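User: Please take a close look at one part of this structure. Then connect that part to the rest, step by step. Short sentences suit me best.

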Amino acid sequence: MRMRSFKVAFEVLTVIPMGGASFAEKGGGKAAAWFPVVGGFLACAGAAFILIFRELRQALGSMPETSASGGFVEAALLLGLTTWLTGAFHLDGFADTCD
């Protein structure tokens, strides 16, 4: 039962399919307890992506460590990754707020 709620939470907050029914069909209220865990997973995925990107950048010597453009590139790639993983879920909410 708990694992099913986790899968529902993961499907609601990301585009990664976990198999199963919709949020309403599986008692979505229980899945909400797993939202912070899914958010933690997304944060860890983003942090791992940035660490790997920095290591690759240093190994290739493409940009010096103090380059200002390196931070911009990292931020843009991280935004793209989280937007892709969440299906722009949070950007949609932000756009609705701006309306």
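Analyst: Start with the term helix: it is a DSSP run of H or I with at least four residues, and helices are numbered from the N terminus. By that count, Thr 83 sits in helix 4. Keep in mind that this is a predicted model.

Let us stay with Thr 83 for a moment. Is it buried, exposed or partly exposed? Buried means under 20% relative accessible area, and exposed means over 50%. Thr 83 has 22%, so it is partly exposed. What does Thr 83 touch, if residues up to four places away in sequence are not counted? Its contacts are Ala 88 and Leu 91. Now compare sequence with space. Val 15 and Thr 83 are 68 residues apart in sequence. In space, their C-alpha atoms are 9.9 Å apart.

Next, stay in the same helix but move to a charged residue. Side chains of opposite charge can pair when their charged atoms come close. The whole structure has 2 salt bridges. In one of them, Glu 74 meets Arg 54, with 3.1 Å from N to O. Glu 74 belongs to helix 4 (residues 68-86) and Arg 54 to helix 3, so this pair ties together parts 20 residues apart in sequence. How covered are the two partners? Glu 74 is buried, at 7% relative accessibility. Arg 54 is partly exposed, at 36%.

Glu 74 also meets Arg 57 in a salt bridge, at 3.4 Å from N to O. Arg 57 is in helix 3 and Glu 74 in helix 4, so this pair ties together parts that are 17 residues apart in sequence. Arg 57 is buried, with a relative accessible area of 5%. Put the pieces together: Arg 54, Arg 57 and Glu 74 are linked in a network of salt bridges.

Now follow helix 3, which covers residues 35-60. Ile 52 lies in this helix. Its relative accessible area is 53%, so Ile 52 counts as exposed. Which residues make a nonpolar surface patch with Ile 52? They are Leu 56 and Leu 60. The patch they form with Ile 52 has an area of about 340 Å².

Aromatic rings come next. A pair of aromatic rings is described by the distance of the centres and the angle of the planes. There are 3 aromatic pairs in the structure. One of them joins Phe 6 and Trp 34: the centres are 5.2 Å apart, and the planes are at 70°. That makes the pair edge-to-face. Phe 6 is in helix 1 (residues 2-13), and Trp 34 is in the loop between helix 2 (28-31) and helix 3, so the pair ties together parts 28 residues apart in sequence. Phe 6 is buried, at 15% relative accessibility. Trp 34 is partly exposed, at 26%.

Another pair is formed by Phe 10 and Phe 41. The centres are 5.2 Å apart and the planes are at 55°, and this pair is tilted. Phe 10 is in helix 1 and Phe 41 in helix 3, so the pair links distant parts of the chain, 31 residues apart. Phe 10 is buried, with a relative accessible area of 6%. Phe 41 is partly exposed, at 38%. Together, Phe 6, Phe 10, Trp 34 and Phe 41 form one aromatic cluster.

What about cysteines? A disulfide is a covalent bond between the sulfur atoms of two cysteines. How many disulfides does a search of the whole structure find? The count is 0. Two cysteines can still be placed by their cover. Cys 44 is exposed, at 55% relative accessibility. Cys 98 is exposed too, with a relative accessible area of 53%.

Finally, step back to the whole chain. It has 5 helices and 0 strands. From the N terminus, the order of elements is α-α-α-α-α. The chain has 99 residues, and 21% of them count as buried. Its exposed area is about 6,600 Å², and carbon and sulfur atoms supply 70% of that. Now take the contacts with a separation of 6 or more: 51% of them join residues 24 or more positions apart.

Terms used. Residues are numbered from 1 along each chain as its sequence is written. This is a predicted model: local features need pLDDT of at least 70, side-chain atom pairs count only at pLDDT 80 or more; totals for chains, interfaces and linings use all residues. Side-chain values use heavy atoms; hydrogens and water are left out. Patches are made of residues with over 30% relative accessible area and no salt bridge: like charges are joined within 9 Å, nonpolar side chains (Val, Leu, Ile, Met, Phe, Trp, Tyr) within 5 Å. Accessible areas come from the Shrake-Rupley method with a 1.4 Å probe; for residues, only the protein chains shown count as cover. A salt bridge is a side-chain nitrogen of Lys or Arg within 4 Å of a carboxyl oxygen of Asp or Glu. Helices (H or I, at least four residues) and strands (E, at least two) are DSSP runs, numbered from the N terminus. Buried means under 20% relative accessible area, exposed over 50%, partly exposed in between (1.4 Å probe, protein chains only). A disulfide is a pair of cysteine sulfur atoms within 2.5 Å. Rings of Phe, Tyr and Trp (its six-membered ring) pair if their centres lie within 6.5 Å; planes under 30 degrees apart count as stacked, over 60 as edge-to-face and the rest as tilted. Contact means heavy atoms within 4.5 Å.
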